[in-house]
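User: Hi! I'm new to reading protein structures, and I'd like to take a close look at one part of this one. Could you walk me through it step by step?

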Amino acid sequence: MNAYQKGDDEAFNQLYQQLYKPLYSFLFRYTGEEQLSVDIVQDTFEQLQKKRHDFDAQKGMVKSYIFQIGYRLLMNKLNRRKRLRSFFPFLVPIQTTSFSADDKLAVQQAIAKLPEKQLGVILLAYYHDLPQEDIAKILEIPIGTVKSRLHQALKRLKEELKEDFHAK
């Protein structure tokens, strides 16, 4: 990132190659929508080009900074979509996903049922292996809030999955 901030465009290409897939994966797991996730990744890297001088290595990792940009863009898009849906429900299609009884899919389904605030914390912690400090920066919340949301999400998942796994 340091080289990119100094004008090295090849460094930007390396950042893109390194972080495109993890960022896409986070966004896709959060939304379940391929095209939206691709669009947000593109928008994130466009935003990074505009804000490259805003990054401060002493405040955190490049990955966290990029995920923070992507998360903000996603939340803005989803909030706009909610407002649109309330005014024009026929304009925004509702995605439906069917899951089999497979254990992996049962977990994914349970995660998808989490409230948005808990979902973000779970995805960043368990799918992207980010430390709680970085999650707090990305989501712009205190670390205590990260811990409580993580605790609440795990408790909820445990209850949700208890029935699925005891039934087998």
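Before we zoom in, among contacts in the chain between residues at least 6 apart in sequence, what percentage join residues at least 24 apart? After that, please show me the place where helix 6 and helix 7 come together, and what surrounds it.

Analyst: Happy to! Please keep in mind that this is a predicted model. For your opening question, the figure is 65%: that share of the contacts between residues at least 6 apart in sequence joins residues at least 24 apart. The chain has 168 residues, and 37% of them count as buried. Its secondary structure consists of 8 helices and 0 strands, so reading from the N terminus you meet α-α-α-α-α-α-α-α.

Now for the part you asked about. Helix 6 covers residues 116–127 and helix 7 covers residues 132–139; their axes come within 10 Å and cross at roughly 135°. Because of that angle, helix 6 is oblique to helix 7. The crossing also has a handedness, and here it is right-handed. On the helix 6 side, the contact is made by Gly120, Val121, Leu124 and Ala125, while helix 7 brings Ile135, Ile138 and Leu139. Sorted by character, the residues of this contact are 6 nonpolar, 1 polar and no charged.

Let's pick one of these residues and follow it. Leu139 sits in helix 7. Its relative accessible area is 9%, and since buried means under 20%, Leu139 counts as buried. If we set aside neighbours within four places in sequence, Leu139 is in contact with Tyr71, Gly120, Val121 and Leu124. Three of those names may look familiar: Gly120, Val121 and Leu124 belong to the helix 6 side of the contact. Take Leu124 as an example: Leu139 and Leu124 are 15 residues apart in sequence, and their C-alpha atoms are 9.8 Å apart in space.

Next, step along to Glu140, which lies in the loop between helix 7 and helix 8. Glu140 has a phi near 55°, a positive value in a residue other than glycine. As background, most residues other than glycine have a negative phi. The side chain of Glu140 also meets that of Arg72 in a salt bridge, with 2.4 Å from N to O. This pair links distant parts of the chain, as Arg72 belongs to helix 4 (residues 62–87) and is 68 residues apart from Glu140. Arg72 has 34% relative accessibility, so this residue counts as partly exposed. In general, side chains of opposite charge can pair when their charged atoms come close.

A search of the whole structure finds 2 salt bridges, so let's visit the other pair too. Here the side chains of Lys113 and Glu160 meet, at 2.8 Å from N to O. Lys113 is in the loop between helix 5 (103–112) and helix 6, whereas Glu160 is in helix 8, so the pair ties together parts 47 residues apart in sequence. Glu160 counts as partly exposed, because its relative accessibility is 29%.

For one last stop elsewhere in the chain, look at Phe12 in helix 2 (residues 9–31). Phe12 is buried, with a relative accessible area of 10%. Phe12 and Leu48 are 36 residues apart in sequence, with 9.3 Å from C-alpha to C-alpha.

Conventions: Residues numbered from 1 in each chain as written. Predicted model: local features only at pLDDT ≥ 70, side-chain atom pairs only at ≥ 80, totals over all residues. Heavy atoms only, no water. Axes fitted to C-alpha atoms, helices over the stretch in contact; angles between N-to-C directions. Helix = DSSP H or I, 4+ residues; strand = E, 2+ residues; numbered from the N terminus. Parallel < 35°, antiparallel > 145°, perpendicular 65-115°, else oblique. Left-handed = near helix turned anticlockwise from the far one by under 90°. Contact = heavy atoms within 4.5 Å. Nonpolar A, V, L, I, M, F, W, Y, C, P; charged D, E, K, R; others polar. Salt bridge = Lys/Arg side-chain N within 4 Å of Asp/Glu carboxyl O. Buried < 20%, exposed > 50% of the residue type's maximum accessible area, 1.4 Å probe, protein only.
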